[in-house]
Amino acid sequence: MKTKPIAVLIPMILTAAGAFAADGNEAFRFEGAVGLGAISTNTSSGTRDAAKLNEYRDLSPGVLGNVDIKGYGDNRYLNLFGENLGRDDQYLNVKGGEYTIYKYQLYDNRLVHNWTFGARTPYAGVGGATLTATLPNLNANTWNRFDYTQKRDDIGGMFEVSNNSPWYFRTDANQVTTEGLKLISGANGTSPGNGFTDKPFPVDFTTRNFSVEGGYASKQGQVSLTLLHSRFSNDNELLRWQNAFFGGLDTSTLPPDSEMSKLSLNGNLRQLPLGSTLAGRMTYGKTTNNVPILTNILSTGGTNPATNPDRTTFDGNIVHQTASLSLYSNPTKEIDTRVYWNWFKKDNNSPTVTFTPSGTSGLQCSNASCVTETLSYDKTNVGADLGYRINPHNRVVFGLDYVDLNRNRVDFDETKDKRASVEYKNTSFESLSTRVKYQYLQRRSHFLEADAGANSNDPEFINRFIARFDASNVNQNLLKVGLDATPAELWDASFEGIVKHNDYKDTVLGRTKDTRQELYFSVGYGDAQKFRVLVFADLEFVQYDSVHRNINGVAGTPPVCSPLPANAGCYDPSTAANTNNYNWDATNKDRNYAYGVGADWVPAQRWKISSSLLWQRTYGTVDFSVQPGANPAVPAAPINNFDNTKKVSLNLKGTYKQSDAWEYTGGYAYERFKFSDIAYDNYQYTIGTGTGASYLSGAYAFPSYTAHSVYFITTYKF
Amino acid sequence: MKTSTSSVAVLSLGAVLIIALAAFTPPAGAADADKGADASPHKDLVLKGDAKCTRCHDETDDYPVLEIAKTTHGKAAKAVSLTCTSCHGESESHINKPEGATERPKPDRVFGKKGARTPADNRAQACLGCHGGDRHLAFWESGRHKKNDVACDNCHVIHQAKNVPLRKDNPTISPLVTTSRQLEYETCTSCHKEIRGQLLKTSHHPIVEGKLKCTSCHNPHGALSPAMVKDESVNQLCTSCHTDKRGPFMQEHPPVEESCLNCHTPHGSSHRQLLVQHPPNLCQDCHDWSRHPGTYYSGNQGFGSTTSGAPNTRLVARACLNCHTNIHGSNAPAMRGKFFLR
């Protein structure tokens, strides 16, 4: 599999090169470089899992090879670039063509994504579609090991011909194959408290995309029509696994096959009156699939009760339609305007499926039968920008934007966003440029659950108070300030500050406020051709405030307040607190700091030295407070390690140019990553005992590492 | 495994070396043409018609003006009739300094990121004169870069020979990457500093590693979509790569269907899987109900805690996702699908 792209590409290049060489009418020249070297990476003994180190990189000890060849004549060109040859992150790209006549590209881009090395599972059959085990098995030392990792290989190409005319035709095709293991989990029982199980599922995904495009493009106007077809296929759409709680073979659903087709029409008209350009786009896309519906599934007592769906196949069918228009005008030297309209519609034409499992199946939803929910929505957006150049060095831009969104969601069916902004840019001083932007957003949504629930003992009653932050009413203020200065020869400095505050003004339960503050500083000195140093500091503070209600004084299905009167009004946040029912709030703060310094130095004609040092820290906390009168069994202790990380990265790299033909590069890199999080510190592979035990895999649990890498590359240039 | 990949690398290099060696000796005509150009300072040096400029601006200039010969523009110059004045203007007063002038006037168009350069619109026009018909620029006027006085030369360098003709003014500051390519993000983040901060975070797309580019998602040359994303909506953009998430699913999670950005932040996060907030808090900001959705999971419920009920399965590991695993959508039946459990 790995040799395939090279086996295809190298003969093509040789053929192409031969064709050029055979052309006696054109002086076709090649120049370029070929590099060969090696890399060695060692992790310290305290590194338990080096997956994070290698998350998107292949730093494993071995050969490093790269190639960069450019061939060109008066009319034609052929470029070949390749790096990390034969490694998991190999990249190959070939581009060529004849100027203004045609062009082509072939590429192979491999990507590795490592999450966890040496993860554990009590199951046999890892990599297959059925996982078997004798459970309970709480001795994780006896479990099987697997690497939670996937490799993605994107091979594709394109060909475009215009033959020196405004008309063009283009076709693109690529295939993305993804292989490896990912993690799926899931509650073991029908309700919380019966454990969960991590399971590796096989990733054998293939996506094939093919598109054709034709059009006319000139300075006066353009129009293009594109047809894209994309097919996603998964070799395993179901995963069977031994369920420790129910005691039988359970089933999890994996990503379904699908096909997507999209037709796009793009165009513009330039040189209209008032210096105007009209641009537009229309698209129509359909995504479909056919998924057999599971007519039974493992449940209580190891039985496989009927799910009783009202159809046997789910015929997925989603249509996306969009249209956009934008009119830009520049009627005078001082004024420019843009008005725009965007329309988006998602029609989910998939059938609603109703399941009516029996009352003893353990498969019922809270309202007995289960009816699937799909979302359709349409969004209309209009807006306008007005730019006014007060003088050549002062410019102000006013913006207005309006969005009307309609959806078939149970809590909010309509949302209207009104946004106003003003930006000012000043370049009066040659050595100083400043920018300020203020934006105000008001979002108002139509809430459907103001009368939910018959009374405050009814579980539906709480929905009167829950306003989900993605759609709830909000007032947002955003301020951005930017400054770029060149105070002296070779010196430059910049600053950017951002403050964004969301006030979810009508929210009783849910996120009530969030604030983001960001500060970015950088100072540079020097000439990049000789010596250049850059220092930066990035600081980010984010805070989320939220209010919630703990409701435990309930019984039955659905869970009504019980016993009464002690728990009366348990679903009403205005009810006085007791041990079972009370409000609580959380303040979650995330802090992120990054400081970097880097320098490029050319100490002598043949030498170039690059170095950088990066220090990063993240620090998350949660503070809780509980409604007076509550006396919770587990006191609300603050969390002081919510994704706390520290990372240091040092890079040193030197290049010596022995001659025009030979160049030597060597480098050393040091990285240290430390991770602390309440969800993973003091990690255990199992929680609980007996049939109610949870089985964990170790995924994400041990990402801390310390690593040293050295590498060298000898490059031959011609 | 490694033996196999090393062999592939060596074989590839061997093949490539064959091509290189075959092409090593340039055609005699090409070498002669170079010599001819060097013979007289008043003759064209690298582009047809450049003598007008290169009689003064030659290899002794601080800025490598003649290097344009090695760029795509230089190589294509003959085919598309390109020379210095095509971009810089005829610049008569610069070439023939007016009598009495104390300083030589600047060329008609002056490019570069800093200093007293020509206004952005005028600089952009120099490029649009030829590239105005490029369909990649179909929405240039609708994009934010034009609105914010960004011209082509803010990002692109014209005179330097590079695989990617993008400006890079500063040293690279990042963890070790094994790519030798100039990475696009370094150009973009020289202005978009808040994005630089995010790309370096613990959880990120492989942009710093060179496997994705800013232009994988955005069209810096203008787009009709907000944030100049290349697709019509955020979700269509995300699922163009994450095709396993595009469904259709029997059970949808409404905020997922409306925008991936409700839960994820694309440029970088302190939290794994690019989540905007650490679960269970992220989930609890929308979900409240009797028993576990409305219960707090606090600092004494992690692994190793001696508090009753610890460790709590709704806090440790993947928190809510330990049970509600198919949160992007599920095709499982009945309540197993309704609650994204299977």
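## Strands 11 and 12

In this predicted model, strand 11 of chain A covers residues 238–243 and is joined to strand 12 by 6 bridges. The two strands run antiparallel. One bridge pairs N243(A) with G248(A), the latter lying in strand 12.

Strands 11 and 12 belong to an open sheet of 3 strands in chain A. The order is 6-11-12, and the pairing is mixed. Strand 6 (130–131) and strand 12 (248–253) are the edge strands. Each of these pairs on one side only.

## Strands 29, 30 and 31

Further along chain A, strand 29 spans residues 581–601 and strand 30 spans residues 607–626. They pair in the antiparallel sense, over 18 bridges. A hairpin connects strand 29 to strand 30 through 5 residues. Within this pairing, G598(A) has S612(A) of strand 30 as its bridge partner.

Strand 30 of chain A also pairs with strand 31, residues 644–657. Here 12 bridges form, and the strands again run antiparallel. R617(A) is bridged to K646(A) in strand 31.

## Chain A as a whole

Chain A holds 35 strands and 1 helix. Its C-alpha trace spans about 95 × 65 × 55 Å along the principal axes.

The chain has 718 residues, of which 40% count as buried. Among contacts in chain A with a separation of 6 or more, 63% come from residues 24 or more positions apart.

Notes:
Residues are numbered from 1 along each chain as its sequence is written. Chains are lettered from A and ligands numbered from 1 in the order in which they are written. This is a predicted model: local features need pLDDT of at least 70, side-chain atom pairs count only at pLDDT 80 or more; totals for chains, interfaces and linings use all residues. Two strands pair if DSSP finds at least two bridges between them. Helices (H or I, at least four residues) and strands (E, at least two) are DSSP runs, numbered from the N terminus. A residue is buried if 20 or more other C-beta atoms lie within 10 Å of its own, exposed if 12 or fewer, and partly exposed in between; C-beta atoms are placed from the backbone. Two residues are in contact if their C-beta atoms, placed from the backbone, lie within 7 Å.
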